[in-house]
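Reader: I should like to learn how the features of a protein structure are read. May we work through one together?

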Amino acid sequence: MSTTREELIAGLRAVADFYEANPTMPVPAYPDLCVHTRGDNDEAEVEQVRAAAEVLGVEMKVGAHVTADRAFGKVGVRVVHVPSPVMANHVAHMSYADNIKVEDGTR
């Protein structure tokens, strides 16, 4: 289920109101809103990050992931695209997760 812009804004306001009304509620050390791109191909998703970087007024960063990050006070906003080859490598790596069992909980 996808979130609409209006639902996001209402939810953020509700969280702010909740924290304001509940001063004993612990706060996250590094609050971060992470937006993952959606699309059919890497080029279109990289374009989403490029456009977000422009709106955020920051440079797009290209590494293993393609990102645009900006801090609003202590709250971060990050738009990220995981390129198909990187995701495929991750999926392949995780396919072994059920095959490895640690007997005593140590490494």
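**Helix 2 and its salt bridges**

Author: E47 and R50 both lie in helix 2, three residues apart, which is about one turn of the helix. Helices (H or I, at least four residues) and strands (E, at least two) are DSSP runs, numbered from the N terminus. The model is a predicted one, in which local features need pLDDT of at least 70 and side-chain atom pairs count only at pLDDT 80 or more, while totals for chains, interfaces and linings use all residues. Residues are numbered from 1 along each chain as its sequence is written, and side-chain values use heavy atoms, with hydrogens and water left out.

Reader: What do E47 and R50 form?

Author: Side chains of opposite charge can pair when their charged atoms come close. The term salt bridge is used for a side-chain nitrogen of Lys or Arg within 4 Å of a carboxyl oxygen of Asp or Glu. Between E47 and R50 there is such a salt bridge, and the closest N and O atoms are 2.6 Å apart.

Reader: Which residue besides E47 is linked with R50 in a network of salt bridges?

Author: An α-helix has 3.6 residues a turn, so residues three or four places apart point the same way. E54 and R50 are separated by about one helical turn, because they are four residues apart in helix 2. Their side chains meet in a salt bridge of 2.9 Å, N to O. E47, R50 and E54 are thus linked in a network of salt bridges.

Reader: How many salt bridges does the count come to?

Author: The count comes to four. One of them joins R78 and D69, whose closest N and O atoms are 2.7 Å apart.

**Buried and exposed residues**

Reader: Is E54 buried or exposed?

Author: A residue is called buried under 20% relative accessible area, exposed over 50%, and partly exposed in between (1.4 Å probe, protein chains only). E54 counts as exposed because its relative accessibility is 58%. Its partner R50 is partly exposed, with a relative accessible area of 35%, and E47 is partly exposed at 38%. In the pair of R78 and D69, R78 is partly exposed at 28%, and D69 is partly exposed at 25%.

Reader: Which residues of helix 2 are buried?

Author: The buried residues in helix 2 are E45, V49, A52, A53 and L56. Seen down the helix axis, they fall within an arc of 105 degrees (taken from the directions from the axis to the C-beta atoms), so they line one face of helix 2. On the other side of helix 2, E43, E54 and V55 are exposed.

Reader: What covers the buried residues of helix 2?

Author: The cover includes strand 3 (66–72) and strand 4 (75–81).

Reader: What span should helix 2 have?

Author: The expected span of a helix is 1.5 Å times one less than its number of residues. Helix 2 (residues 42–56) has 15 residues and should therefore span 21 Å; its end C-alpha atoms are 21 Å apart, which agrees.

**Loops, contacts and distances**

Reader: Where is E59 placed, and with which residues is E59 in contact?

Author: E59 is in the loop between helix 2 and strand 2 (61–62). With contact taken as heavy atoms within 4.5 Å, and its neighbours within four places in sequence left aside, E59 touches A53 and T67. E59 counts as exposed because its relative accessibility is 67%.

Reader: How many Å separate the C-alpha atoms of E59 and N41?

Author: The separation is 22 Å, and E59 and N41 are 18 residues apart along the chain. N41 may also be set beside S84, which lies in helix 3. S84 and N41 are 43 residues apart along the chain, and 8.1 Å separates their C-alpha atoms.

**A surface patch**

Reader: Which residues make the nonpolar surface patch?

Author: Patches are made of residues with over 30% relative accessible area and no salt bridge; like charges are joined within 9 Å, and nonpolar side chains (Val, Leu, Ile, Met, Phe, Trp, Tyr) within 5 Å. Accessible areas come from the Shrake-Rupley method with a 1.4 Å probe, and for residues only the protein chains shown count as cover. Y96, I100 and V102 make a nonpolar surface patch of about 340 Å². I100 is found in the segment after helix 3 (84–94) and is exposed, with a relative accessible area of 61%.
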